[in-house]
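Welcome, and thanks for opening the viewer. Please load the model below and keep your selection tool at hand.

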Amino acid sequence: MEIIKKPILTEKASIMTEKLNRYAFKVDHRANKIQIKSAVEEMFGVTVLAVNTAVVAGKAKSRYTKAGFVSGRAPKYKKAVITIKDGETIDFYSVI
């Protein structure tokens, strides 16, 4: 099971990173906080102080096409907000 799927790089997440030293990730919905903490420490080589998780509900989406009005939902996902030790950083662009 791949625990960390991808980082969340939004404006709100960037502000959290700059001010609070927190990073947001999309994670596997079956992963718990202990698994998420060990995966982040192993992948990025940082000390994790806290892990907060939330299940984000999918938004309703709709569009008008030639075939008519089409509606559906975006999928839900699990988000993890990781607090790391002061002085440490995660560089998303150098990790392969």
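How many residues line the largest pocket, and which lie nearest its centre? The lining has 14 residues, and nearest the centre are Glu 2, Ile 4, Lys 5, Met 43 and Phe 44. Select those five to find your starting view. Please bear in mind as you go that this is a predicted model.

Keep the pocket on screen and add strand S1 (4-7) and helix H2 (33-44), each of which supplies at least two residues of the lining. Colouring the lining by class shows 10 nonpolar and 4 charged residues, with no polar ones. The space inside the largest pocket comes to about 200 Å³.

Next, select Asp 28 and Arg 30. These two residues form a salt bridge, with their closest N and O atoms 3.1 Å apart. The structure holds 1 salt bridge, so there is no second one to look for. Now switch on a surface: is each partner buried or exposed? Asp 28 counts as buried because its relative accessibility, 6%, is under 20%. Arg 30 is exposed, because its 55% is over 50%.

For the last stop, move to strand S3 (residues 48-56) and pick out Thr 53. At 30% relative accessibility, Thr 53 is partly exposed. Show its surroundings: beyond the neighbours within four places in sequence, Thr 53 is in contact with Lys 33, Ile 36, Lys 78, Lys 79 and Ala 80. Finally, draw a distance from the C-alpha atom of Thr 53 to that of Phe 25; it should read 9.6 Å, for two residues 28 apart along the chain.

Technical notes. Residues numbered from 1 in each chain as written. Predicted model: local features only at pLDDT ≥ 70, side-chain atom pairs only at ≥ 80, totals over all residues. Heavy atoms only, no water. 1 Å grid on protein atoms, 1.4 Å probe; cavity = no way out; pocket = protein on both sides within 12 Å on 5 of 7 lines; lining within 4 Å. Points joined across faces, edges and corners; volume = space filled by probe spheres on them. Helix = DSSP H or I, 4+ residues; strand = E, 2+ residues; numbered from the N terminus. Nonpolar A, V, L, I, M, F, W, Y, C, P; charged D, E, K, R; others polar. Salt bridge = Lys/Arg side-chain N within 4 Å of Asp/Glu carboxyl O. Buried < 20%, exposed > 50% of the residue type's maximum accessible area, 1.4 Å probe, protein only. Contact = heavy atoms within 4.5 Å.
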